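Reader: I'm new to this one and would like a close look at one part rather than a quick tour. Please take me through the charged pairs and then whatever sits beside them.

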Amino acid sequence: MGRQHEISVDFSQPLAKQPEVGHNRWHPGIRPVLRIDSGDSLVLQTLDAMDGQLSMSSTAADVAAASSYRVHPMTGPVYVDGAEPGDLLAVRIDDIEPGSFGYTSQVPGSGFLRHEFPEPFLVRWEIGGGYAVSPDLPGVRISDQSFPGVIGVAPSAALLRSTAAREAEVVTRGGVAELPDPQDAVPADPQIAAAGLRTIPPRETGGNLDIRQLTRGTTVLIPVSAAGALLSCGDLHFAQGDGEVCGTAIEMQATVHLTVTLRQAGAAGREAAGVAFSRAAAPDAPAVRGGYFATTGICVTPDGRNESEDATLAAQNALRAMISHLMSDRGYTRQQAYAICSVAVNLRLSQLVDVPNFVASAFLPLAIFTGSAAG
């Protein structure tokens, strides 16, 4: 049994008032909040995605006036002793304690159908007893499906530079991306604020994945890019549909419980880099009764070119990653793996709004295997 560590936040204050507990940019130079060993557990309090700018008394006008530069205050980073590039960080989501208030906002200029919905809109949710209800959506009750929208590790200095370059190139081709900008950046250190990657898109090292299956009992597998991994978490959701199509889920403050295990060299030599996740058999949840292993894909070609909002490319990358898993972890040939994907793997569009990178997930049901299951 490892040790337990906690990071507490002041839920009444924005991140800028308590920069010692978190950040809202990705950068390997951000100072860790704490250090842990492999096998240790974390209890992290997290601010909501909009950094406290919306409340039960807010209106659609407040949505339009909110600063997008404050989006995704993350708790962390956490330095994992011994973690080096090429390792894999296995982060098990043990529990999530939801807050009592949530919201779903439609921000002008964002969302999958953003050109058809140009006006701001706000749904305010009351959370309690395992459900969320809202006076703004009468007759609707949503059950607790809590998960972290953002979970990831820092890019290395080289990956930060190449990511910034490829996303800037997307914009020059007419695509959509949020480029580095120091406005409202935390930390405010000029070098980090000017170069830090925005948190909107997910990337090879995780981040704003918005995969609704990352619920209690799921283990997220994240490739380590920088020494110590520098793990962070935030943007907790009470519930979300596949796609998160209007741009937000039921956003909330929360407390998340994690167990972190280091798999040395676990990501080295993989044909397809990126985040994967798994869940063991769950007799109380028929959808995952036999357990599954899932891979993900984003909108980056195998040669490193970032495309903008390309669901086909994201799905192809998720499939390539699954084929790689079946080959490296289960010993199948490439064509055998492709056949398994065709008869058993389920492709899902996990999110369609975190520009420029959509996320597709490929789910492999472990019950199909007659021998021991990997993952």
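Author: Asp 51 is buried, with just 6% relative accessible area (buried is under 20%, exposed over 50%, partly exposed in between, using a 1.4 Å probe and protein chains only). This is a predicted model, where local features need pLDDT of at least 70 and side-chain atom pairs 80 or more, while totals for chains, interfaces and linings use all residues. Residues count from 1 along each chain as its sequence is written, and side-chain values use heavy atoms, leaving out hydrogens and water.

So who does Asp 51 pair up with? Asp 51 makes a salt bridge with Arg 70, with the closest N and O atoms 3.1 Å apart (that's a Lys or Arg side-chain nitrogen within 4 Å of an Asp or Glu carboxyl oxygen). Asp 51 sits in the loop between β4 (41-46) and α1 (60-65), and Arg 70 in the one between α1 and β5 (74-80), so the pair ties together parts 19 residues apart in sequence. Those labels are DSSP runs numbered from the N terminus: helices are H or I with at least four residues, strands E with at least two. Arg 70 is partly exposed, at 22%.

In total, 17 salt bridges turn up. Glu 178 and Arg 198 make another, at 3.6 Å between the closest N and O atoms. This one links distant parts of the chain, 20 residues apart: Glu 178 is in the loop between α2 and α3 (190-195), and Arg 198 in the loop between α3 and β11. Here Arg 198 is the buried partner, at 4%, whereas Glu 178 is partly exposed at 30%.

Then there's Glu 307 with Arg 305, 2.7 Å from N to O. Glu 307 counts as buried at 19%, and Arg 305 as partly exposed at 39%. Shared partners join these two with Glu 169 and Arg 173 into one salt-bridge network.

Now back to β11 (206-208), which is joined to β10 by three bridges, running antiparallel (strands pair if DSSP finds at least two bridges between them). Val 150 stands opposite Asn 208 of β11, and has Gly 234 as its bridge partner in β13. Strand β10 (147-153) has seven of its seven residues buried, so the rest of the structure largely encloses it. With β13 (231-237), β10 pairs antiparallel over six bridges.
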